[in-house]
Amino acid sequence: MANGKIYRAACTIAITFSLLLSFSLMQAQLKPSSNIDLFDIATEGALLILGLSWLTMVLQARPDGNVTRLLIIGLLSYSLGCYMDLLDEFFINSSLPTWFSWLEKLPTPIGLLTLTLGLWLWREEQKTVNEQLRTREQFFRQHQLVDRVTKIYDCRAIRHQLDMHIKRDKQLGLVMLDIDNFSDINQQQGFKEGDILLTNIAQLLSSQLRSQDLVCRYAGDSFIVLLPNASNTFTQAMAKELKQAINQLNCQASCAEVHYQPQTEQQAIEANKLISRLNNKMKQIKLARPIAKAG
C-alpha cells in the first residue's frame, strides 16, 4: 500500500518535472556557462532532494487520510518550486512568457502553506495519541499485554481493564470493529501488507478516541474499543464515527456496540460475559446481511 503511494507520487513528480524541462528546453535560451553559479545549483538541488526525501518518509510512515494528503500536496508543491528554481540557474527567464515566471513563484509558498496546515493537524493528532500513550505507559510496564503487530493492547488487556471498570459501577460502552474480507487482503496483497493495514487501523482508531478510552486488537482482524463513563447515545455515535474513519484506509468494517449500565443489571457481570454479548451482536449483524446471488 505504502509502496503503491510512493510509486504514484514518483510518477506524478517525474511527469510534471519532465514537461517543465521540455518546455524550458524548447522556449528558453541557455545561460552562458560563465553565468552559471555552481554553488546555487548545489544548494537548490539539495533542497529539491530534501523535499523529495521528506515526501518519501511521509508516504512510508503515515496511513492514508486528510492529514497525509495535505502533507503530500504541500511537499509536492514545495519540490516543484525547488525544481523550478533549479531550472532558473540554467535558462534565461526573459526568453520565456510572462506567465512562466508566475508558475515559478507560486508552488513554493502554496506548498509551504499547505504543509504548515498539514503539520499543525498532525500535531493535534499526535497530541491525542501521546496522551493515550502516557495514560497507558504504567500498565504496559506492569503487564506487557501488548499485541506484537499493532503495538496496542491485546485481548488479555481489554478483559483486565473491563473488569476494573465494572467494579467501579460506572456505565461504559464497548464497540467491536471487524474488518470485512481481511483474508482476501492477505491472499491478494500478502501478509506483510495485511499487518501494515492492521497497524494503520490501530493508529487511526487511537487518534479518534478520548484519553480515557482504550482500543485493543481482540482477534486477527477485529478490534474492541472500551469507552468508560459513556452513555448509550455516545457509544452509538462513537461506533459510527470509528466505522467511517476506517473507510479512509480503503477498507470497510462491520461494527457492533453494547452499553453497560450497572443499575439495569439483575446480577453481577464479568468482562467475559460482556464481551460475549458483543460477539453475539456482531454475529447477528453479519447473519442479517443479504446473501449475494450468483449471476
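Lysine 281 counts as partly exposed, at 30% relative accessibility. Its salt-bridge partner is glutamate 257, with the closest N and O atoms 3.4 Å apart. That pair links helix H10 (residues 271-287), where lysine 281 lies, to strand E7 (residues 253-260), home of glutamate 257, so it ties together parts that are 24 residues apart in sequence. Glutamate 257 itself counts as buried, at 15% relative accessibility. Keep in mind that this is a predicted model; the mean pLDDT of the chain is 80.

**The chain overall**

- You're looking at a chain with ten helices and seven strands.
- The chain has 295 residues, and 43% of them are buried.
- Take the contacts between residues at least 6 apart in sequence: 76% of these join residues at least 24 apart.
- About 16600 Å² of the chain is exposed, with carbon and sulfur atoms supplying 57% of that area.

**How far to trust it**

- A pLDDT of 70 or more is reached by 82% of the residues.
- Helix H1 (residues 2-27) is where confidence is lowest, at a mean of 65.
- At the other end of the scale sits strand E4, where confidence is highest, at 94.

**Salt bridges**

- The structure holds five salt bridges, and the lysine 281 to glutamate 257 pair is one of them.
- Arginine 156 pairs up with aspartate 154, and their closest N and O atoms are 2.6 Å apart.
- The two ends of that bridge sit in separate burial classes: arginine 156 is partly exposed at 47% relative accessibility, whereas aspartate 154 is buried, with a relative accessible area of 9%.
- Arginine 210 and aspartate 213 also meet through their side chains, at 2.7 Å from N to O.
- In this pair, arginine 210 comes out as partly exposed at 23% relative accessibility, while aspartate 213 is buried at 2%.
- Why do arginine 210 and aspartate 213 fall on either side of the burial line? Buried means under 20% relative accessible area, so aspartate 213, at 2%, counts as buried and arginine 210, at 23%, counts as partly exposed.
- For lysine 281 and glutamate 257 the cut-off works likewise: glutamate 257, at 15%, is buried because it is under 20%, and lysine 281, at 30%, is partly exposed.

**A nonpolar patch on the surface**

- Leu47, Leu50, Trp54 and Met57 make a nonpolar surface patch of about 370 Å².
- If you want to find the patch on the model, methionine 57 is a handy landmark: this residue lies in helix H2 (residues 38-61).

**Positive phi angles outside glycine**

- Aspartate 169 isn't a glycine, yet its phi is positive, at about 55 degrees.
- You'll find aspartate 169 in the loop between helix H6 (155-167) and strand E4 (172-179).
- Asparagine 181 is another non-glycine residue with a positive phi, near 55 degrees.
- Asparagine 181 belongs to the loop between E4 and helix H7 (182-189).
- As for solvent, asparagine 181 is exposed, with a relative accessible area of 55%.
- Strand E4 thus borders both loops: the one from helix H6 holds aspartate 169, and the one leading to helix H7 holds asparagine 181.

Definitions and conventions
Residues are numbered from 1 along each chain as its sequence is written. Side-chain values use heavy atoms; hydrogens and water are left out. A salt bridge is a side-chain nitrogen of Lys or Arg within 4 Å of a carboxyl oxygen of Asp or Glu. Buried means under 20% relative accessible area, exposed over 50%, partly exposed in between (1.4 Å probe, protein chains only). Helices (H or I, at least four residues) and strands (E, at least two) are DSSP runs, numbered from the N terminus. Patches are made of residues with over 30% relative accessible area and no salt bridge: like charges are joined within 9 Å, nonpolar side chains (Val, Leu, Ile, Met, Phe, Trp, Tyr) within 5 Å. Accessible areas come from the Shrake-Rupley method with a 1.4 Å probe; for residues, only the protein chains shown count as cover. Contact means heavy atoms within 4.5 Å. pLDDT is the predictor's confidence in each residue, from 0 to 100.
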